Each structure stands twice: as C-alpha cells, then as structure tokens.
Amino acid sequence: MAATLNIQEAIKAFVAEKGWKIATTQKDGTIVLLFGDKDDNERNVWVTFHGREQQRDIRVRCAQCKMVENVKDRDRVLEFLARANWGLNIGSFKIDMNDGETFFEAAADIKFCDAEDVNMLLTTLTSIVRSTMDKYQRGIIAMMNDSSLEPSSVISIVEGR
C-alpha cells in the first residue's frame with residue numbers, strides 16, 4: 001500500500017482526473033500547474049505539488065506572480081502576512097525577501113496514505129490554497145499599491161472584522 005505508492009504517479013493521476021494541465025515537472029519531483037485565473041494582469045495562480053519519496057509529504061503552493069518589488073513595501077506586506085498567518089488553521093503565507101515572491105503553502109504527511117487518500121488530500125489542499133490566496137490577495141496587492149495603508153487595517157477588512 002503506502003510503502004509502494006509512487007507519489008508522483010498519484011499526483012499525475014489526480015491532475016489527469018481533474019482535467020488540468022501540467023506546465024512542468026522539475027528534477028526534484030515537483031509538478032507545476034498553471035491555472036488561467038487572470039484578473040487585471042495582477043493575478044496568476046500557480047499550484048505546485050511537492051512529492052518526494054524520501055520525505056513522504058505533499059506540499060501545495062499557490063504563488064502570486066506579481067512580486068513585491070519595492071523593498072520598503074516588503075516589510076509592510078510581511079506584517080500583513082504575519083497577521084494573516086496568526087488566524088490560519090492550516091498552511092501559511094511566506095514571502096521571499098530576496099525577490100518579493102509571495103505565496104501561500106499547505107502540506108500533508110502521506111506516510112500512511114494509499115492512492116485514494118492522496119487524491120482526497122490533494123483535492124482538499126488545492127481547494128485550501130486557492131481559496132486562501134483568493135481571499136488575501138486583494139489585501140497583498142493593496143499593500144503594494146498604497147503605502148498609506150496600515151497592515152492591521154487591511155487585514156481587518158480582508159477578514160471581515
């Protein structure tokens with residue numbers, strides 16, 4: 001069962017079942033999917049599945065393609081993301097302080113999973129990362145576009161508090 005499960009094959013089967021397209025498969029086993037969700041050229045959602053046989057986990061990452069280019073804005077966006085992370089039950093937002101890439105990631109341990117379990121986990125994680133990024137992305141973009149906004153105010157609006 002789980003000992004013979006090929007993670008990459010399970011992921012490819014999941015992708016084929018959904019009718020999605022694989023953009024690339026990297027050397028480390030990462031499978032990158034591109035979803036055509038574009039609004040105003042500012043939103044392009046990527047979901048990346050990391051499945052490594054040695055680690056026996058799957059990570060699903062949803063990245064925002066528009067980078068936080070202004071270094072001063074990165075600190076403000078970082079505070080916004082820290083406030084967002086505080087209330088999350090699963091996954092976390094991260095920012096690459098070198099290039100400004102902002103993304104949300106969730107993971108699941110699959111040590112004891114069979115192919116059906118992997119399918120269910122991928123369905124759940126994909127839904128979580130896409131909906132979470134959708135919810136918070138407007139706030140991230142607002143923080144990048146308006147330096148007068150306070151992270152605490154923007155997070156309150158995004159979370160409806």
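In the predicted model, the axes of helices α2 and α4 come within 9 Å and cross at roughly 45°. Angles of 35 to 65 degrees fall outside the parallel and perpendicular classes, so α2 is oblique to α4. The crossing of α2 past α4 is right-handed. On the α2 side, the contact is formed by Arg76, Glu79, Phe80, Arg83 and Ala84. The residues that they meet in α4 are Pro151, Ser152, Val154, Ile155 and Val158.

A second helix, α3, also packs against α2, at an angle of about 155° and with the axes 9 Å apart. Angles over 145 degrees count as roughly antiparallel, and α2 and α3 are therefore roughly antiparallel to each other. As α2 passes α3, the crossing is right-handed. Here α2 contributes Asp73, Arg76, Val77, Phe80, Leu81 and Ala84, which meet Tyr136, Gly139, Ile140, Met143 and Met144 in α3. Arg76, Phe80 and Ala84 of α2 are thus in contact with α4 and also with α3. Glu79 and Arg83 are listed in the contact with α4, while Asp73, Val77 and Leu81 are listed in the contact with α3.

Helix α2 itself spans residues 71–86 and has 16 residues. The distance from its first C-alpha to its last is 23 Å, close to the 22 Å expected at 1.5 Å a residue. Its buried residues are Asp73, Arg74, Arg76, Val77, Phe80, Leu81 and Ala84. This buried set packs against two helices, α3 (115–145) and α4 (151–158), and also against the strands β5 (92–95) and β6 (102–109). Among the buried residues, Arg76, Phe80 and Ala84 take part in the contact with α4, and Asp73, Val77 and Leu81 in that with α3.

For the protein as a whole, the secondary structure comes to 4 helices and 6 strands. Read from the N terminus, the order of the elements is α-β-β-β-β-α-β-β-α-α. The protein has 161 residues, of which 42% count as buried. Among contacts with a separation of 6 or more, 54% involve residues 24 or more positions apart. The exposed area of the protein is about 8,900 Å², and carbon and sulfur atoms supply 50% of that area.

Definitions and conventions: Residues are numbered from 1 along each chain as its sequence is written. This is a predicted model: local features need pLDDT of at least 70, side-chain atom pairs count only at pLDDT 80 or more; totals for chains, interfaces and linings use all residues. Side-chain values use heavy atoms; hydrogens and water are left out. The expected span of a helix is 1.5 Å times one less than its number of residues. Buried means under 20% relative accessible area, exposed over 50%, partly exposed in between (1.4 Å probe, protein chains only). Contact means heavy atoms within 4.5 Å. Accessible areas come from the Shrake-Rupley method with a 1.4 Å probe; for residues, only the protein chains shown count as cover. Axes are lines fitted to C-alpha atoms, for helices over the stretch in contact, and angles run from 0 to 180 degrees between N-to-C directions. Angles under 35 degrees count as roughly parallel, over 145 as roughly antiparallel, 65 to 115 as roughly perpendicular and the rest as oblique. A crossing is left-handed if the near helix is turned anticlockwise from the far one by less than a right angle, and right-handed if clockwise.
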